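Please open the model in your viewer and keep the sequence panel beside it. This tour suggests what to select at each stop and then describes what is there.

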Amino acid sequence: CRAQPAVKLDLACGNRCAAGYDGIDLYPLPAVRYLCDLTLRPWKFQPLEGEPFEPSDSSVEALRSSHFVEHVTDLVGFVNECHRVLVPGGELLVICPYQYSVGAWQDPTHVRAINESTFNYFSAEWRQEHDVDYYLGCTADFGVRSVRPTNIAARFMGQSQEVIAEAIGSQVNVVHELTAVLVKR
């Protein structure tokens, strides 16, 4: 018996697909292997060559989404679909503009700003503890492995975490991105 190769998908990869991932996008760009409108569910991938691929429940090892979630009008539906296709223990890596970065709102197609707390809503335990299960429509249950500021402004390089943390709370453009790793329970 031969093991199936791991399915790792770079969602809305644009012109650059992460190494080891298959690129998914709405547009047939050079880095794209499958075309898909990620706002429609369930996802159906049309390969640029060959047969269509419809990810089944628990069929994907890892998902990567870099600078896409801020464009998604139905973020809960998108995360629910990510959860559906991931295997238990599968990872969802999200890289997005930080809420206090000019980059969060400079693009006219951005529909939301994201902060460290946004990802908590995708944990069933957290939603229950905070009594917010009733209005979200969220079926996903992710453990939040990490959420950290990334792409820190050059003027703060070499500064202590305390100095950076204080600046994040009082200034814009200290941090340009957040990187979150969520794990399917």
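A residue is called buried when its relative accessible area is under 20%, exposed when that area is over 50%, and partly exposed in between. Please keep in mind throughout that this is a predicted model.

**Stop 1: a residue in a strand**

Select Gln-46, which is found in strand 4, the run of residues 46–47. Is Gln-46 buried, exposed or partly exposed? Its relative accessibility is 39%, which lies between the two limits, and Gln-46 therefore counts as partly exposed. Now add Tyr-34 to the selection: these two residues are 12 apart along the chain, yet their C-alpha atoms are separated by 5.2 Å. If you leave aside the neighbours within four places in sequence, the residues in contact with Gln-46 are Arg-33, Tyr-34, Leu-35 and Pro-52.

**Stop 2: two cysteines**

Next, select Cys-36 and Cys-82, and look at their sulfur atoms. The structure holds zero disulfides. Cys-36 is accordingly in no disulfide, and the nearest cysteine sulfur to its own, that of Cys-82, is 11 Å away. Why is there no bond for Cys-82? The closest cysteine sulfur, in Cys-36, is too far away for one, because 11 Å separates the two atoms, whereas a disulfide needs a pair of sulfur atoms within 2.5 Å. As for accessibility, Cys-36 counts as buried at 5%, and Cys-82 is buried too, with a relative accessible area of 0%.

**Stop 3: the nonpolar core**

From here, turn to the largest nonpolar core, which has 45 residues, and select Leu-11, Leu-38, Trp-43, Leu-63 and Phe-78, the members that touch the most other members. Several elements give two or more residues to this core, among them strand 1 (8–11), strand 5 (60–66), helix 1 (75–85) and strand 6 (86–97). The largest share, six residues, comes from helix 1. To see one member in its surroundings, centre the view on Leu-11, which, not counting residues up to four places away in sequence, touches Ile-24, Leu-38, Trp-43, Leu-63, Arg-64, Ser-65, Ser-66, Phe-78 and Cys-82.

**Stop 4: a closed cavity**

How many cavities of 30 Å³ or more does a search of the whole structure find? The search finds one, and the volume of the largest cavity is about 60 Å³. To outline this cavity, select Val-69, Leu-75, Phe-78, Val-79, Leu-92, Val-94, Ile-114, Thr-118, Phe-119, Phe-122 and Leu-182, which line it. Helix 1 and strand 6 are the elements that give two or more residues to this lining, and helix 1 gives the most, with three. Colouring the lining by class shows 10 nonpolar residues, one polar residue and no charged ones.

**Stop 5: two pockets**

Finally, look at the pockets, beginning with the largest, which has a volume of about 250 Å³. Among the 13 residues that line the largest pocket, select Ala-12, Asp-25, Leu-26, Tyr-27 and Phe-68, which lie nearest its centre. By class, the lining of this pocket divides into seven nonpolar, four polar and two charged residues.

The second largest pocket has a volume of about 170 Å³. Select Asp-10, Ala-12, Cys-13, Gly-14, Asn-15, Arg-16, Arg-64, Ser-66 and His-67 to display the residues that line the second largest pocket. Here the lining consists of two nonpolar, four polar and three charged residues.

Terms used
Residues numbered from 1 in each chain as written. Predicted model: local features only at pLDDT ≥ 70, side-chain atom pairs only at ≥ 80, totals over all residues. Heavy atoms only, no water. Buried < 20%, exposed > 50% of the residue type's maximum accessible area, 1.4 Å probe, protein only. Helix = DSSP H or I, 4+ residues; strand = E, 2+ residues; numbered from the N terminus. Contact = heavy atoms within 4.5 Å. 1 Å grid on protein atoms, 1.4 Å probe; cavity = no way out; pocket = protein on both sides within 12 Å on 5 of 7 lines; lining within 4 Å. Points joined across faces, edges and corners; volume = space filled by probe spheres on them. Nonpolar A, V, L, I, M, F, W, Y, C, P; charged D, E, K, R; others polar. Core = buried A, V, L, I, M, F, W, Y, C linked by side-chain atoms within 4.5 Å.
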